[in-house]
Amino acid sequence: MLPGGTAAGSYTIQAVYNPSPNFSGSSDNTHTLTVNKAGQSINFSINPPGSAAYGSTFTVAATGGGSGNAVTFSSSGACSNAGATFTMTASTGICSAIANQQGNSNYSPGQATMTVNAFKAVLTVNEIGRAHV
């Protein structure tokens with residue numbers, strides 16, 4: 001069992017025990033133990049809508065894992081983003097809102113994706129200033 005907080009990396013270990021009346025002594029063989037980086041989970045704390053109209057915007061938020069690095073956002077498909085604010089750039093298709101967090105020496109990078117269905121915006125025309133006879 002490794003002590004808590006053991007950093008990711010490779011360690012040389014050697015187990016040595018002395019002989020007793022019932023057991024032979026150990027050899028001086030060494031072995032390498034590799035501690036892999038831990039994964040980290042990214043969770044949306046403010047989800048995007050299930051669908052959004054062309055030209056509309058929405059904002060998301062997400063919390064990250066153990067690396068302590070900031071969660072950043074990116075997009076693909078029917079939207080673009082500036083930070084956590086996404087704009088629908090198409091009236092059909094799927095927008096992927098992507099939350100990313102860089103890893104460090106002990107944690108692998110993390111990513112979470114949520115999707116939004118694009119739809120056509122509804123045009124509303126109001127009659128203004130027309131004289132009625």
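Among the 17 residues of the largest nonpolar core, those that touch the most other members are Phe44, Phe58, Phe73, Phe86, Met88 and Cys95. The elements contributing two or more residues to this core are S9, S10 and S11. The structure described here is a predicted model, and the core is a convenient place from which to begin reading it. In soluble globular proteins, nonpolar side chains tend to be buried together.

Phe58 illustrates the surroundings of one such core residue: leaving out residues up to four places away in sequence, Phe58 touches Pro48, Pro49, Ala84, Thr85, Phe86, Met88, Cys95 and Val116. Of these partners, Phe86, Met88 and Cys95 are themselves named among the core members with the most contacts to other members.

Strand S10, which spans residues 94–101, is mostly covered, with 7 of its 8 residues buried. This strand pairs with S7 (residues 71–77) in the antiparallel sense over 7 bridges, and Val71 stands opposite Gln101 in S10. S10 is also joined by 8 bridges to S11 (residues 110–119), again in antiparallel fashion, and here Asn100 has Gln111 of S11 as its bridge partner.

A further set of strands, S5, S9 and S8, forms an open sheet of 3 strands in that order, with antiparallel pairing. Because S5 (57–59) and S8 (79–82) stand at the edges and each has a single partner strand, one side of each is left without a neighbour in the sheet. Neighbouring strands of this sheet are turned against each other by 25° on average, direction ignored. Within the sheet, S8 pairs with S9 (residues 85–88) in the antiparallel sense over 4 bridges, and Asn81 stands opposite Phe86 in S9.

The antiparallel pairings for which bridges are given can be set side by side.

| Strand pair | Bridges | Residues standing opposite |
|---|---|---|
| S7 and S10 | 7 bridges | Val71 and Gln101 |
| S10 and S11 | 8 bridges | Asn100 and Gln111 |
| S8 and S9 | 4 bridges | Asn81 and Phe86 |

Gln40 lies outside the strands, in the loop between S2 (30–35) and S3 (43–46). Because its relative accessible area is 10%, which falls under the 20% cut-off, Gln40 counts as buried. Its side chain reaches the backbone oxygen of Gln102 at 3.2 Å, and the side chain of Gln40 likewise reaches the backbone oxygen of Ser108 at 2.9 Å. Setting aside neighbours within four places in sequence, the residues in contact with Gln40 are Gly65, Gly66, Ser67, Gln101, Gln102, Gly103, Tyr107, Ser108, Pro109 and Gly110.

Terms used:
Residues numbered from 1 in each chain as written. Predicted model: local features only at pLDDT ≥ 70, side-chain atom pairs only at ≥ 80, totals over all residues. Heavy atoms only, no water. Buried < 20%, exposed > 50% of the residue type's maximum accessible area, 1.4 Å probe, protein only. Polar contact = N/O pair within 3.5 Å; in protein donor to acceptor, adjacent residues only side chain to side chain. Contact = heavy atoms within 4.5 Å. Pairing = 2+ DSSP bridges. Axes fitted to C-alpha atoms, helices over the stretch in contact; angles between N-to-C directions. Core = buried A, V, L, I, M, F, W, Y, C linked by side-chain atoms within 4.5 Å.
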